[in-house]
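Here's a quick briefing to read alongside the model. Have the viewer open and follow along.

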Amino acid sequence: MTDPRLTPDAGLDAALTPRLLFSDLDGSLLDHHRYDWSPARPWLVSLRRLGVPVIPVTSKTRSEIMPLRQAMDLTDTPFVAENGAVVGLPPAWCHARIDRPGPDGLAIRTLGMDIGFIRKRLAVWQARLGVAFTPISAMSLEELVDFTGLPEAEARLARMREGSEPLVWEDDEAGLEALRAGLAGDGLRLVRGGRFWHATGEAHKGSAVAWLVERFQALRGRRPLTLALGDGPNDIPMLEAVDQAVVIRGCHGLVVEPDQPALYRSAATGPAGWAEGVAHWWGRAERRPGPAVSHAGDDGARRAMA
C-alpha cells in the first residue's frame with residue numbers, strides 16, 4: 001500500500017502541489033569543515049525560481065542565521081533556530097492577528113525554554129552530580145573558535161543563545177545518563193548534534209517543522225509535500241515529520257536511523273550530498289513540477305528543477 005504521506009492532495013496533478021524543503025545547515029547544506037554551500041547553489045537557484053521555500057532548521061542561533069539568510073537569498077522563507085526553540089517568520093508567513101513583526105520584518109516565535117533557566121539548571125546538576133562538561137557560555141571566544149573552526153565574528157554570534165545551550169561532554173556514559181535524567185525532571189532534554197550536545201526544552205526540530213507545515217496550510221489552504229535533509233541525530237525528529245527525507249552521509253560517525261519509510265541516504269557528504277538527495281526525490285521527470293534546465297559544468301544542476 002502506498003504511504004499516504006507520499007501522496008498529499010491525492011487526485012491532483014503533482015505539479016500543482018505546493019512544496020516545502022526543510023534543511024539542516026552544519027554538515028548538510030553547509031560543509032562540515034569549511035561552511036561552504038557552493039555544491040548546492042544550483043539547486044537553491046532552481047528552487048527559488050520555482051517558488052519552493054528552503055527553510056533552514058538548525059542548531060545555530062537566530063543571530064547566526066540572519067547573515068546566512070542574506071548570503072543564500074533565503075530572506076523570504078522562515079527559519080528554525082536552536083533545534084526548534086526559536087522560529088522566525090517573514091511577512092508572508094505571518095498571521096495578521098497573532099504575529100507582531102519586529103523592525104527587521106520578522107515575527108519571532110519562541111517554542112522552547114528560556115536560556116537563563118537552562119543555564120541555571122545545568123549549573124545545578126553539574127554541581128550535584130559532579131560530572132564534567134563545558135557549556136558554550138563557559139568557553140572563551142578563542143576556545144570556541146578553535147573547537148568549531150568558525151571565524152571570530154561568527155563564533156560571537158554562536159554564543160547569543162535564546163532557547164538552548166550547547167555543551168562539550170567530558171565525562172562517561174553513566175554521567176551523561178544521570179544528567180539526562182536530572183534535566184528531564186526540569187522539563188529539559190539533551191540532544192546530540194555534530195559537535196555539541198544541546199540542552200533544550202521539549203521543542204525540537206520535528207515539532208517546529210510540524211508547526212510550520214500547519215501554519216502554511218492555514219494560510220494557503222493546501223497541504224504541501226515536504227522534504228527534509230539532515231546528517232545528525234538531532235535531525236531525526238525533523239526527518240520523521242515530513243513526507244520524504246534524506247540522511248546526508250556525515251563526518252561524525254554517529255548513527256542516524258529515523259523511522260521514515262520514504263528515506264534516501266546520500267553517498268556524498270555536506271552540500272554535495274544535499275544536492276544528491278534533492279535530486280533523488282525531486283529531480284526525476286515524474287516528480288518535477290516544471291521542465292528541467294541544464295547548467296553547464298554542474299552535475300547536480302543537470303537534474304534540477306526549473
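**How α1 and α9 sit together**

Helices α1 and α9 are oblique to each other. That label follows because their packing angle is about 45 degrees, and angles under 35 degrees would count as roughly parallel, those of 65 to 115 as roughly perpendicular. Keep in mind that this is a predicted model.

**The α1/α9 contact**

- The axes of α1 and α9 are 9 Å apart where the two helices pack.
- From α1, the residues W43, L44 and L47 meet W274, A275, V278, A279 and W282 of α9.
- Sorted by class, that contact of α1 with α9 has 8 nonpolar residues, with no polar and no charged ones.

**More on α1**

- Helix α1 covers residues 41-50, and its buried residues are P42, W43, L44, S46 and L47.
- Those buried residues pack against α9 (270-282), but also against the strands β1 (19-23) and β2 (54-56).
- Right after α1 comes G51, which has a positive phi, near 85 degrees.

**β1 and its neighbours**

- What does β1 look like from the outside? With 5 of its 5 residues buried, β1 is largely enclosed by the rest of the structure.
- Both faces of β1 are covered: R19, L21 and S23 are buried on one side, L20 and F22 on the other.
- β1 pairs in the parallel sense with β10 (residues 225-230) over 5 bridges, and S23 stands opposite L229 there.
- β1 also runs parallel to β2, joined by 3 bridges; here I55 of β2 is the bridge partner of F22.

**β3, β4 and β5**

- β3 (residues 79-81) and β4 pair in the antiparallel sense over 3 bridges, with A81 opposite V86.
- These two strands, β3 and β4, make a hairpin with 4 residues between them, and E82 in the turn has a positive phi of about 50 degrees.
- β4 (residues 86-89) points V86 and G88 one way and V87 and L89 the other, and all of these are buried.
- β4 also pairs with β5 (residues 107-110), again antiparallel, over 4 bridges.
- V86 turns up here too, with T110 as its bridge partner in β5.

**The four-stranded sheet**

- An open sheet of 4 strands runs in the order β6-β7-β9-β8, with antiparallel pairing.
- At its edges are β6 (133-135) and β8 (189-192), each of which pairs on one side only.
- From one strand to the next, the twist averages 30 degrees.
- β6 and β7 (residues 164-169) are linked by 3 bridges in the antiparallel sense, and P135 stands opposite L167 of β7.
- Which helix lies across β6, β7 and β9? That's α3 (residues 115-129), which runs at about 30 degrees to β7.

**The chain as a whole**

- The chain holds 9 helices and 12 strands.
- Buried residues account for 51% of its 306 residues.
- Of the contacts between residues at least 6 apart in sequence, 59% join residues at least 24 apart.
- The accessible surface is about 13100 Å², and 53% of that belongs to carbon and sulfur atoms.

Terms used:
Residues are numbered from 1 along each chain as its sequence is written. This is a predicted model: local features need pLDDT of at least 70, side-chain atom pairs count only at pLDDT 80 or more; totals for chains, interfaces and linings use all residues. Side-chain values use heavy atoms; hydrogens and water are left out. Buried means under 20% relative accessible area, exposed over 50%, partly exposed in between (1.4 Å probe, protein chains only). Contact means heavy atoms within 4.5 Å. Accessible areas come from the Shrake-Rupley method with a 1.4 Å probe; for residues, only the protein chains shown count as cover. Two strands pair if DSSP finds at least two bridges between them. Axes are lines fitted to C-alpha atoms, for helices over the stretch in contact, and angles run from 0 to 180 degrees between N-to-C directions. Angles under 35 degrees count as roughly parallel, over 145 as roughly antiparallel, 65 to 115 as roughly perpendicular and the rest as oblique. Ala, Val, Leu, Ile, Met, Phe, Trp, Tyr, Cys and Pro count as nonpolar, Asp, Glu, Lys and Arg as charged, and the others, Gly among them, as polar.
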